[in-house]
Amino acid sequence: MKAKGAMIQSVRGVKDVLPSESLKWRLVEETASEIFTLYNFKEIRIPTFEKTEVFKRSIGETTDIVEKEMYTFTDRGGESLTLRPEGTASIVRAYVENGLYNPPGVTKLFYMGPMFRAERPQAGRFRQFHQIGAEVFGTDDPAIDAEVIIMLMDLFTELRVPGLKVLLNSLGCPECRPAFRDALYTFLKERASDLCKNCQSRIERNPLRALDCKSPTCKEIVENAPTIDEYRCDSCETHFNNVRKPLIDLEIPVTVDPKLMRGLDYYSRTAFEVVSEGLGAQNSVAGGGRYDSLVEQFGGPKTPAIGFALGIERLISLLNGQDEEELTEYPDIFIVPMTETASLRSFEIAHRLRSYGYQVDRTFGTASMKSMMKKADRSKARYTLIIGEDELKKGTGTLRNMSSGEQIETSFDDIADILDEEPHP
RNA sequence: GUGGGCGUAGCUCAGCUGGUAGAGCACUGGAUUGUGGUUCCGGUGGUCGCGGGUUCAAACCCCGUCGCUCACCCCA
C-alpha cells in the first residue's frame with residue numbers, strides 16, 4: 001500500500017456491514033418485519049437523535065446510560081441533543097406527540113435501526129449497534145405480555161437460532177415494589193462491608209442491581225437476600241401467573257429468575273431477557289419488559305405499555321456458520337464480450353435479460369479471453385454468454401453452462417427461453 | 001474509566017538465544033492464437049503500527065504512544 005494520504009479509520013466501536021454479511025442483515029430485518037406483521041404490528045420510523053431530555057426523563061438520571069454512555073452534543077441553537085441510546089424513549093415521545101392514543105385502544109408498533117452508546121467495545125458490544133424493537137400501548141392484560149414474548153420467540157424460531165431461553169421475572173408495581181426495595185436496602189446495608197465496591201455504591205443508588213452482581217462474594221451474600229416474590233402484591237402475582245401460563249402451554253423455554261432486574265428505571269411488573277450461550281460475556285440477545293407509567297411521564301394519558309428490543313449484531317453472530325452460501329444470490333448469466341462491438345451489443349442483451357428479472361453481470365475493460373472466463377467463473381454465474389467476432393456476424397452468442405461445460409450457440413432472442421427451461425439449482 | 005492479550009504482504013500466520021523478511025491463500029502472466037474450475041512454472045506486493053532508547057547490528061530487548069481485541073462496570 002503506497003500511502004499518499006494516510007488511511008482514515010472508522011470510529012472506535014463502529015462496524016461496517018460488508019457485502020459478505022449484509023444478506024444476513026436483510027434476512028433478519030425482513031423476517032422480523034414479516035413475523036411482527038403476523039401479529040398486526042405496524043412499523044414506525046423515528047429520528048436517530050432527540051432532545052437530551054427525552055432520554056433523561058425516561059431512562060433515569062442515575063443509570064449508566066444517562067450518566068456516562070450518551071453521545072450528547074449542543075446544536076447551533078444551544079440546545080442539548082443526544083444520539084438515541086435506545087428506542088423506547090423516542091417511541092413513547094412519538095406516541096404522545098402524535099396523539100396515537102386516539103382513538104383509544106391497543107397500539108402495536110415496531111422499529112429497527114442504529115443506537116449509540118459510548119461504552120468500551122467488546123465482544124457483542126459496540127458504540128453504534130442495531131436493534132429491532134416492538135412496543136404495545138394501551139393494555140396491561142397479561143395476555144399481551146405473553147404475546148409479545150411468543151412473537152419474539154417466533155422470530156428466533158423462524159431464523160433457526162438454537163439454544164435460547166427466556167428469563168422471566170416480575171418486578172412488582174408502585175404498590176409493592178417500595179416495600180421490597182426497603183427490605184433489600186436494609187439487608188444490604190447490614191452487610192455493606194462485605195460487598196464489593198460497586199455494590200456498596202449501589203445500595204444508595206439502585207439496590208435492586210446488587211441482585212445480579214457477578215462478584216462471587218456478593219453472589220453468596222445476595223443468595224439469602226429478600227426477593228421480589230415475597231413482596232409482590234396479589235394483583236402483580238396474578239398478573240405474573242397469567243403471563244407465564246400461555247408460555248408454558250406453548251412450551252416456550254421459560255425460566256423464572258427472581259434476580260433478573262432491569263437497568264433502566266422505567267420498568268414495572270414483567271421483565272424478561274432472552275439469553276444464549278456462545279455470545280461471550282454479553283449473553284443477552286433481547287430484553288424487554290413492561291413500563292406502565294412512562295407515557296404519563298411524557299405528558300400523555302395514563303397508558304400501560306410493554307416492549308422489547310433485540311440486538312441485531314448479537315443475533316447475527318448466532319446465525320454465523322448457518323447457510324451462508326444459500327443466502328447469496330449469484331448472477332444467472334455473465335457476459336463475456338470479446339470486442340468493442342460485442343461490448344456495445346451486450347448492453348442491449350443485458351438490459352433485456354434484466355427486464356425479465358435475470359441477474360446479469362459482465363466483464364469490463366479489455367483482457368484475454370482466459371482472464372475474462374476466470375472472472376465469469378468467480379462470479380459463480382450459472383451461465384456465461386460469450387460474444388465474439390464469429391457470433392456477431394451471425395447474430396448469436398455462445399451460451400456456456402458453467403457447471404457442466406456444455407455450450408450451445410443461440411440467437412440473442414432465445415437466451416431467455418433457455419434460461420427459463422433450466423431450473424434454478 | 002480499569003486490567004489482560006495482540007499489532008509482520010490484501011487475508012491467515014511463521015520468523016529460534018538480536019545478524020537487516022518468509023509461507024499458504026488471494027492477485028497476475030505463461031504452459032493452452034477464442035474458453036473458467038484441477039495441475040505445473042514464473043511475477044507483483046512489506047518504512048515488521050508509530051516514536052524514541054540500548055547495540056557494531058533490532059521485527060525480536062527497553063520506554064512511550066496509537067490501534068485492535070477480550071474482560072470488568074453495564075447492557076442489545
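Reader: Before we look at strands E14 and E15, when do two strands count as paired?

Author: Two strands pair if DSSP finds at least two bridges between them. Keep in mind that this is a predicted model. Here, E14 (residues 383-387) and E15 (residues 396-401) pair in the antiparallel sense, with four bridges between them. To see one of these for yourself, find threonine 384, whose bridge partner in E15 is arginine 400.

Reader: What is the order of the strands in the sheet that holds E14 and E15?

Author: Let's take the general idea first. Strands of a sheet pair through backbone hydrogen bonds, and the sense is either parallel or antiparallel. In this case five strands make an open sheet with mixed pairing, and the order is E13-E12-E14-E15-E16. E13 (360-362) and E16 (407-411) are the edge strands; each has a single partner strand, so one side of each has no neighbour in the sheet. On average, neighbouring strands of this sheet are turned by 30° against each other, direction ignored.

Reader: Which strands does helix H14 lie across?

Author: Helix H14, residues 369-378, lies across E12 (333-337), E14 and E15. Its direction is at about 170° to that of E12.

Reader: Happy with that one! In what order do the strands of the eight-stranded sheet come?

Author: You can read it in the same way. This open sheet runs E1-E5-E6-E11-E10-E9-E7-E8, and its pairing is mixed. The edges belong to E1 (42-43) and E8 (254-256), each with a single partner strand, so one side of each is left without a neighbour in the sheet. Inside the order, E5 (residues 107-116) and E6 (residues 128-137) pair in the antiparallel sense over 10 bridges. One place to look is phenylalanine 110, whose bridge partner in E6 is alanine 134.

Reader: And at what angle does helix H1 run to E6?

Author: At about 0°. Helix H1 (residues 19-38) lies across E5, E6 and E11 (305-311).

Reader: Let's turn to pockets. What volume does the second largest pocket have, and which residues are closest to its centre?

Author: Its volume is about 580 Å³. The lining has 28 residues, and Pro174, Arg177, Asp265, Tyr267 and Ser268 are the closest to the centre.

Reader: Which elements give two or more residues to that lining?

Author: They are helix H2 (52-59), helix H6 (177-190) and strand E9 (268-276). H6 gives the most, with three residues. Sorted by class, the lining of this pocket holds 11 charged, 10 nonpolar and seven polar residues.

Notes. Residues numbered from 1 in each chain as written. Chains lettered and ligands numbered in written order. Predicted model: local features only at pLDDT ≥ 70, side-chain atom pairs only at ≥ 80, totals over all residues. Heavy atoms only, no water. Axes fitted to C-alpha atoms, helices over the stretch in contact; angles between N-to-C directions. Contact = heavy atoms within 4.5 Å. 1 Å grid on protein atoms, 1.4 Å probe; cavity = no way out; pocket = protein on both sides within 12 Å on 5 of 7 lines; lining within 4 Å. Points joined across faces, edges and corners; volume = space filled by probe spheres on them. Nonpolar A, V, L, I, M, F, W, Y, C, P; charged D, E, K, R; others polar.
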